[in-house]
Amino acid sequence: MFLLATFYIFAAFLVMTCLSVLFSKNPVNSVLFLVLAFLNSTFLFILIGAEFVGIILAIVYIGAVAILFLFVVMMLDIQINSLALNIKRYTPLAVLFAGIILAEIIYLSIFKSNNPSLNLITKYENNTEQIGNVLYTDYFLEFQLSGIVLLLAMIGAIVLTHVYKPTIKRQNIEKQNMTTAKDRVRLVKVKSGEGIDD
Amino acid sequence: MTSLSYNHFFILSLIIFMIGCFGLFLNRRNMILILMCIEIILLAANINFVSASVFLNDINGQIFSIFILTIAAAEAAIGLAILVIYFRNKGEIDVTQINRLKD
């Protein structure tokens, strides 16, 4: 009963914050509501005993993705007026789409599902250990591949946002390799007592 | 439904998925909001995976949710990079004008 009450509180907050993301006027408020939504889903995950994914969700989404969004929103300086939702034009389409999927899935969940309830059997290894045992053995290749995907995303983001400025002195490898010793060093015989002119 | 069951989480994730799709449909201008709606949709997928994993007592769902998180982070980084260069070229983030990129 306590679980159910807690679930309803967090679920209601989650739905409200997700709606607030859509309908806030200011993009900064949207991002902050998105953070709140992720925090609420973290609580929900911890409630049903999936602590590891919950904490990872908090760290990755709130710590990285949402802050990235916040940086971009604050950096871009968008006019708020020009971004009003054009609600009237697309509402019928959206409501139709929503209604169809909602009807389908409520039908499936009520009539077709066997609806398992939460079994709180105490396992002899905790959630993190279970995930680690499977992730580093059965899914080892996928784990490595996801690392490569992240590396590619990082390289892609750097290449896309990189700016070439002519004023910055950069290393020119071609020019560097074509240089010989004559271009750089000049040997001068200095007579004693006279020095050199230039 | 007197105790916490899988259907609770299923319908919750459905509602959040609907909110995300609703945002994509309603808002056809602001590119940041479109990216945020995609994040909301991925969050719904995550909730569904994790709750199914817990209620069906199978750890694979949580593994998949970690992979979804990875892809979501990569997608957000690339999407925001595209957004930044689009803003730098055009001075606005109106998606309806994006077909003029070929000019």
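How many residues does H3(B) have, and how far does this helix reach from its first C-alpha to its last? In the predicted model examined here, H3(B) has 31 residues and reaches 44 Å between its first and last C-alpha atoms, close to the 45 Å expected at 1.5 Å a residue. Just after H3(B), B:Gly91 adopts a positive phi of about 80 degrees.

The preceding helix of chain B, H2(B), covers residues 31-55. Its 25 residues should span 36 Å at 1.5 Å a residue, and its end C-alpha atoms are 36 Å apart, which agrees with that expectation. Of the 25 residues of H2(B), 20 are buried, so this helix is largely enclosed by the rest of the structure. A positive phi is also found just after H2(B), where B:Asn57 takes a value of about 60 degrees.

Chain B as a whole contains three helices and zero strands, and its pattern along the sequence is α-α-α. The radius of gyration of chain B is 17 Å, well over the 13 Å that the globule rule gives for 103 residues, so chain B is more spread out than a compact globule. The C-alpha trace of chain B spans about 60 × 25 × 15 Å along its principal axes. Buried residues account for 51% of the 103 residues of chain B. Among contacts in chain B between residues at least 6 apart in sequence, 53% join residues at least 24 apart.

Chain A likewise has zero strands, with eight helices, and its elements run α-α-α-α-α-α-α-α from the N terminus on. Of the 198 residues in chain A, 20% are buried. When contacts in chain A between residues at least 6 apart in sequence are considered, 52% of them join residues at least 24 apart.

Within chain A, the packing of H2(A) against H3(A) was examined in detail. The axes of these two helices lie 9 Å apart, and the helices pack at an angle of about 175 degrees. H2(A) and H3(A) are therefore roughly antiparallel to each other, since an angle over 145 degrees counts as such. On the side of H2(A), the contact involves residues including A:Pro27, A:Val31, A:Leu34, A:Phe38, A:Thr42 and A:Ile46. H3(A) contributes, among others, A:Glu51, A:Gly54, A:Leu57, A:Tyr61, A:Phe69 and A:Met74. By class, the residues of this contact between H2(A) and H3(A) comprise 19 nonpolar, three polar and one charged.

Two individual residues illustrate local environments in chain A. A:Leu36 is located in helix H2 of chain A and is partly exposed, with 19 other C-beta atoms within 10 Å; burial would require 20 or more. A:Leu36 is separated from A:Ala11 by 25 residues in sequence and by 12 Å in space, C-alpha to C-alpha. A:Gly147, by contrast, belongs to helix H6 of chain A and counts as exposed, with 11 C-beta neighbours inside 10 Å. The C-alpha atoms of A:Gly147 and A:Tyr90, which are 57 residues apart along the chain, are 39 Å from each other.

The two chains meet at an interface in which 67 residues of chain A are in contact with 61 residues of chain B. At least two residues of the side of chain A that touches chain B are supplied by each of helices H1 (2-23), H2 (27-47), H3 (51-76), H4 (87-112), H5 (127-135) and H6 (140-161) of chain A. The largest share, eleven residues, comes from H3(A). The residues on this side of chain A divide into 53 nonpolar, 13 polar and one charged.

One of the contacts between the chains pairs H5(A) with helix H3 of chain B, residues 60-90. The axes of H5(A) and H3(B) come within 10 Å and cross at roughly 75 degrees. This crossing angle makes H5(A) roughly perpendicular to H3(B), because angles of 65 to 115 degrees fall in that class. H5(A) takes part through A:Ile131, A:Val134 and A:Leu135, and H3(B) through B:Asn60, B:Gln62 and B:Ile63. The contact of H5(A) with H3(B) has four nonpolar, two polar and no charged residues.

Notes: Residues numbered from 1 in each chain as written. Chains lettered and ligands numbered in written order. Predicted model: local features only at pLDDT ≥ 70, side-chain atom pairs only at ≥ 80, totals over all residues. Contact = placed C-beta atoms within 7 Å. Helix = DSSP H or I, 4+ residues; strand = E, 2+ residues; numbered from the N terminus. Nonpolar A, V, L, I, M, F, W, Y, C, P; charged D, E, K, R; others polar. Axes fitted to C-alpha atoms, helices over the stretch in contact; angles between N-to-C directions. Parallel < 35°, antiparallel > 145°, perpendicular 65-115°, else oblique. Expected span 1.5 Å × (residues − 1). Buried ≥ 20, exposed ≤ 12 C-beta atoms within 10 Å, placed from the backbone. Rg over C-alpha atoms; globule rule 2.2 N^0.38 Å.
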